[in-house]
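Student: I'd like a close look at one part of this model, starting from a single residue and working outwards. Please explain each term when it comes up.

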Amino acid sequence: APNDTDDDRSATIIIQAGSTQIIITITQKQQDALTVTASKFEVEAEGGEVEIEVKANVDYDYTIDPDAADWVKYKATRALESSTLVFEVAENEDMEKREAQIMIHSGDLEELVTIYQEGNEPTIILSKNEYTVSDKGETIAVEVKSNVDVAVEIPSDVDWVKENSTRA
């Protein structure tokens with residue numbers, strides 16, 4: 001009979017004649033099924049891979065949320081007994097966390113997977129932390145790299161250092 005459940009089913013038939021027996025196992029696959037082993041993934045700001053294991057007995061496809069298509073890219077399918085879709089998540093250079101959704105679908109069957117990626121930590125990098133200036137005075141350039149806006153604050157009791165407002 002047709003298997004209209006969402007699970008495989010099996011039965012064991014024993015054929016016996018006297019003390020001799022033969023065992024036959026019959027396994028019937030479930031009706032059209034599509035499942036993922038996890039529906040949420042958390043990724044660090046540096047990015048990385050997300051592997052979504054898909055169990056299906058139907059052909060399926062996936063759709064990446066269009067708002068995330070520039071930072072979540074399909075990478076590969078690893079086929080074993082079930083399939084594993086691999087997506088590359090780019091580094092999040094912004095401070096805000098972000099999320100993406102991937103829909104895995106086949107006809108009316110669908111599974112939604114959500115990827116959450118944390119935001120980057122605020123970073124300020126100086127090319128050098130100490131400067132020695134001659135007694136005649138001079139102009140020094142302090143190189144600052146940052147993923148946040150920075151402000152220069154010179155203590156009010158230091159009147160011999162002034163900021164040159166050139167920034168790049």
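Tutor: Let's start with glutamine 117, which is buried because its relative accessible area is 1% (buried means under 20%, exposed over 50%, and partly exposed in between, using a 1.4 Å probe and protein chains only). Before we go on, keep in mind that this is a predicted model, where local features need pLDDT of at least 70 and side-chain atom pairs count only at pLDDT 80 or more, while totals for chains, interfaces and linings use all residues. Residues are numbered from 1 along each chain as its sequence is written, and side-chain values use heavy atoms, with hydrogens and water left out.

Glutamine 117 belongs to strand β10 (strands are DSSP runs of E with at least two residues, helices are runs of H or I with at least four, and both are numbered from the N terminus). What surrounds glutamine 117, leaving out residues up to four places away in sequence? The residues it touches are Val43, Glu44, Ala45, Gly47, Trp71, Val89, Ala90, Glu91, Asn92, Lys97 and Arg98 (contact means heavy atoms within 4.5 Å). A polar atom of the glutamine 117 side chain also lies 3.4 Å from the backbone oxygen of alanine 45. (A polar contact is a pair of N or O atoms within 3.5 Å; within protein, one must be able to donate a hydrogen and the other to accept it, and residues adjacent in sequence count only if both atoms are side-chain atoms.)

Now step along the chain to asparagine 120, in the loop between β10 (109–117) and β11 (124–126). Is asparagine 120 buried or exposed? With a relative accessible area of 17%, asparagine 120 counts as buried. Beyond four places in sequence, asparagine 120 touches Ala45, Glu91, Asn92, Glu93, Asp94, Met95 and Asn147. Ala45, Glu91 and Asn92 are therefore worth finding in the picture, as they also appear among the contacts of glutamine 117, whose relative accessible area of 1% makes it buried. One of these contacts of asparagine 120 deserves a closer look: the backbone oxygen of asparagine 92 is 2.9 Å from a polar atom of the asparagine 120 side chain.

Moving outwards, let's turn to some aromatic rings. The whole structure holds three aromatic pairs (rings of Phe, Tyr and Trp, using the six-membered ring of Trp, pair if their centres lie within 6.5 Å; planes under 30 degrees apart count as stacked, over 60 as edge-to-face and the rest as tilted). One of them joins tyrosine 62 and tyrosine 74, stacked at 4.9 Å centre to centre with 25° between the planes. Tyrosine 62 sits in strand β6 (residues 61–64) and tyrosine 74 in strand β7 (residues 72–79), so this pair ties together parts that are twelve residues apart in sequence. Both are partly exposed: tyrosine 62 has a relative accessibility of 23%, and tyrosine 74 has 34%. Tyrosine 62 also pairs edge-to-face with phenylalanine 87, at 5.2 Å centre to centre and 85° between the planes. Phenylalanine 87 lies in strand β8 (residues 83–89), so its pair with tyrosine 62 of strand β6 links parts 25 residues apart in sequence. Phenylalanine 87 is buried, because its relative accessible area is 0%. Together, Tyr62, Tyr74 and Phe87 make one aromatic cluster.

Charged residues make links too. How many salt bridges are there? The count comes to two (a salt bridge is a side-chain nitrogen of Lys or Arg within 4 Å of a carboxyl oxygen of Asp or Glu). Lysine 75 forms one with glutamate 49, with the closest N and O atoms 2.3 Å apart. Lysine 75 is in strand β7 and glutamate 49 in strand β5 (residues 48–56), so the pair connects parts that are 26 residues apart in sequence. Lysine 75 is partly exposed at 46% relative accessible area, and glutamate 49 is partly exposed at 37%. Lysine 75 also meets glutamate 88 in a salt bridge, 3.5 Å from N to O. Since glutamate 88 lies in strand β8 and lysine 75 in strand β7, this pair ties together parts 13 residues apart in sequence. Glutamate 88 is partly exposed, at 31% relative accessibility. Glu49, Lys75 and Glu88 are thus linked in a network of salt bridges, and its member lysine 75 is partly exposed because its relative accessible area is 46%.
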